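This report introduces a structure to a reader who has not met it before. The sequence and the model are shown first, and selected details follow.

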2 protein chains.
Amino acid sequence: MVVYAGQGDPRRSIELLWRGAAETRRPGSKPALSVDAIVDAAIAVADEQGLAFSMRAVGERLGRTAMALYTYVPGKNELVDLMYDRALAGLPGSYSLDEGWRAAVTRWAHDTWECYVRHPWVLQVSQARPVLGPHEFATTEALAAILVSTGLPGRRLRGIAGALHYFVRGAAQTVAEARAASGATGEADEEWWYARSAVLVELEPDLEKKYPMLHVLEHDREPADPELPYLENDAMENFRVGLRVLLDGVEAAVTQP
Amino acid sequence: MVVYAGQGDPRRSIELLWRGAAETRRPGSKPALSVDAIVDAAIAVADEQGLAFSMRAVGERLGRTAMALYTYVPGKNELVDLMYDRALAGLPGSYSLDEGWRAAVTRWAHDTWECYVRHPWVLQVSQARPVLGPHEFATTEALAAILVSTGLPGRRLRGIAGALHYFVRGAAQTVAEARAASGATGEADEEWWYARSAVLVELEPDLEKKYPMLHVLEHDREPADPELPYLENDAMENFRVGLRVLLDGVEAAVTQP
DNA sequence: CAATGATTCTTTATGGCGTAAAGTGTGAGG
DNA sequence: CCTCACACTTTACGCCATAAAGAATCATTG
């Protein structure tokens with residue numbers, strides 16, 4: 001089940017995010033771990049298990065108990081804040097505008113999508129009150145720079161930036177959830193659909209008549225990449241088409257008044 | 001923290017979703033509860049606490065222990081499946097096309113947004129493998145019917161439907177998280193921002209120089225509705241603007257080749 | 001060089017969770 | 001009236017985050 005993550009103590013979180021761990025080095029035994037090592041280990045665990053990873057699992061991966069982590073990090077919430085910003089660290093801080101804003105936004109969307117698919121738990125960290133780490137600033141700045149170059153007014157740009165973020169997040173989430181589901185249950189998409197639809201057809205035989213438009217929507221399928229699972233193919237195609245439509249909307253705003 | 005919800009046993013879930021509880025009525029004491037009552041109670045609890053609601057809390061609201069629920073419902077996952085479909089029950093099953101597809105989509109988007117904001121936990125139920133309840137079918141059918149009326153090919157329509165869903169979900173989630181955060185901590189948006197940005201400015205004094213475009217993006221603000229919290233105002237404005245851009249993109253596809 | 005005390009890490013314990021298993025009481029069917 | 005299916009409670013188990021207290025380590029001070 002789920003609860004929003006992140007949102008630890010502001011001072012501790014922001015200090016760790018921007019300054020890193022303090023190094024006083026006085027008496028006492030030497031630290032064998034570090035905040036960085038803990039964040040790395042936690043990301044590795046979360047990539048496999050999602051935000052429901054346990055502090056025990058992270059400690060184990062480092063050869064320590066769960067409680068050892070609390071020497072470095074105030075709690076799980078603050079650790080998630082740090083993981084979040086680290087996960088965004090691989091994203092570019094700026095994009096070339098040589099080929100125009102549309103190409104740049106497309107590259108931004110693909111990079112961001114890939115990052116989310118690699119670290120799906122990022123999508124479960126609350127967006128309403130951002131973590132405010134340096135890399136979150138950097139990627140937001142990267143998109144802002146592209147959008148500002150269109151010359152559109154700020155109000156329009158904020159709406160567009162929001163729509164782009166929502167779109168990329170949603171598309172990535174669909175793929176990530178499909179993978180998580182088949183990974184967790186060991187059940188391929190086809191088997192899953194088969195099991196459900198068999199029961200469904202048995203209980204509700206005239207589904208097609210009741211929901212005709214749903215079936216019209218299923219026409220005109222692209223030949224699928226047989227390497228990829230069913231749902232993933234679908235998600236990829238929808239990502240391409242949806243992004244194009246969205247950018248057409250931006251283009252309309254740019255070229256027309 | 002979080003784990004995807006739903007995804008219970010297919011047969012039990014789908015039977016409960018489509019057929020309702022069986023009524024054999026033979027020996028034993030009469031049931032005082034019902035699946036419906038449990039789902040209602042669970043939704044009420046989840047509206048307040050999110051998907052991390054406990055079975056104990058639902059039982060308590062009904063004057064029972066947590067274990068009493070297991071007589072009616074196989075487990076929490078299946079209960080969430082039922083809650084999900086019930087939450088969508090209030091949404092229209094079709095929209096009038098008298099004023100054109102654009103007006104209809106706009107109404108669909110607002111209705112759906114409102115439902116998500118009222119039941120934010122719905123957004124945390126996995127989309128990759130849908131719950132497949134009757135009301136989920138109905139709302140998807142409603143949007144499909146509108147989109148099919150544009151005459152666009154199926155491949156394009158699926159991408160557009162995905163983009164619309166992602167957009168509405170993302171926009172609603174932002175508002176829901178903002179409300180949840182201020183509700184949980186009792187901290188208004190302004191206080192929260194103040195606490196964070198004070199620490200931030202102290203640690204990183206030249207933020208504005210480092211991320212100039214972010215600040216350009218903040219220009220040209222609409223006069224805010226003083227009734228609403230800061231973040232919510234923002235989210236509403238972005239919803240309006242973003243939806244308009246998205247629909248402009250659809251319009252471009254409809255009017256051009 | 002020993003004593004001090006801060007620091008790292010482990011152990012133990014608390015209160016939460018979902019739910020398995022076993023027990024209790026009710027009431028219709030034989 | 002007896003039986004036994006059923007609704008419901010009690011108890012228990014193994015997870016979780018993390019508070020509190022103890023053990024080990026080591027730079028510093030007397």
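## Polar contacts with DNA strand C

In this predicted model, a side-chain N or O atom of Ser29(A) lies 3.1 Å from a sugar or linking oxygen of DNA strand C, a polar contact being a pair of N or O atoms within 3.5 Å. Phosphate oxygens of the strand are also approached: a polar side-chain atom of Tyr72(A) is 2.3 Å from one, and a polar backbone atom of Phe53(B) is 3.3 Å from one.

## Surroundings of the strand

DNA strand C is surrounded by 25 residues, each with a heavy atom within 4 Å of the strand. The closest are Thr65(A), Tyr72(A), Arg56(B), Tyr70(B) and Lys76(B). Of the strand atoms that come within 4 Å of the protein, 66% belong to sugar and phosphate.

The residues of this surface comprise 11 nonpolar, 8 polar and 6 charged; Ala, Val, Leu, Ile, Met, Phe, Trp, Tyr, Cys and Pro count as nonpolar, Asp, Glu, Lys and Arg as charged, and the others, including Gly, as polar.

## Arg169(B)

Arg169(B) belongs to helix H7 of chain B, residues 154–185 (a DSSP run of H or I, at least four residues, numbered from the N terminus). Arg169(B) is buried (under 20% relative accessible area, 1.4 Å probe, protein chains only). Arg169(B) has no salt bridge (a side-chain nitrogen of Lys or Arg within 4 Å of a carboxyl oxygen of Asp or Glu). The nearest side chain of opposite charge (Lys and Arg positive, Asp and Glu negative, His and chain ends not counted) is Glu177(A), 6.0 Å away.

The Arg169(B) side chain does reach the backbone oxygen of Leu123(B), at 3.1 Å.

## Basis of the values

Residues are numbered from 1 along each chain as its sequence is written, while chains are lettered from A and ligands numbered from 1 in the order in which they are written. Local features need pLDDT of at least 70, side-chain atom pairs count only at pLDDT 80 or more, and totals for chains, interfaces and linings use all residues, with side-chain values using heavy atoms and leaving out hydrogens and water.

Methods
Polar contact = N/O pair within 3.5 Å; in protein donor to acceptor, adjacent residues only side chain to side chain. Helix = DSSP H or I, 4+ residues; strand = E, 2+ residues; numbered from the N terminus. Buried < 20%, exposed > 50% of the residue type's maximum accessible area, 1.4 Å probe, protein only.
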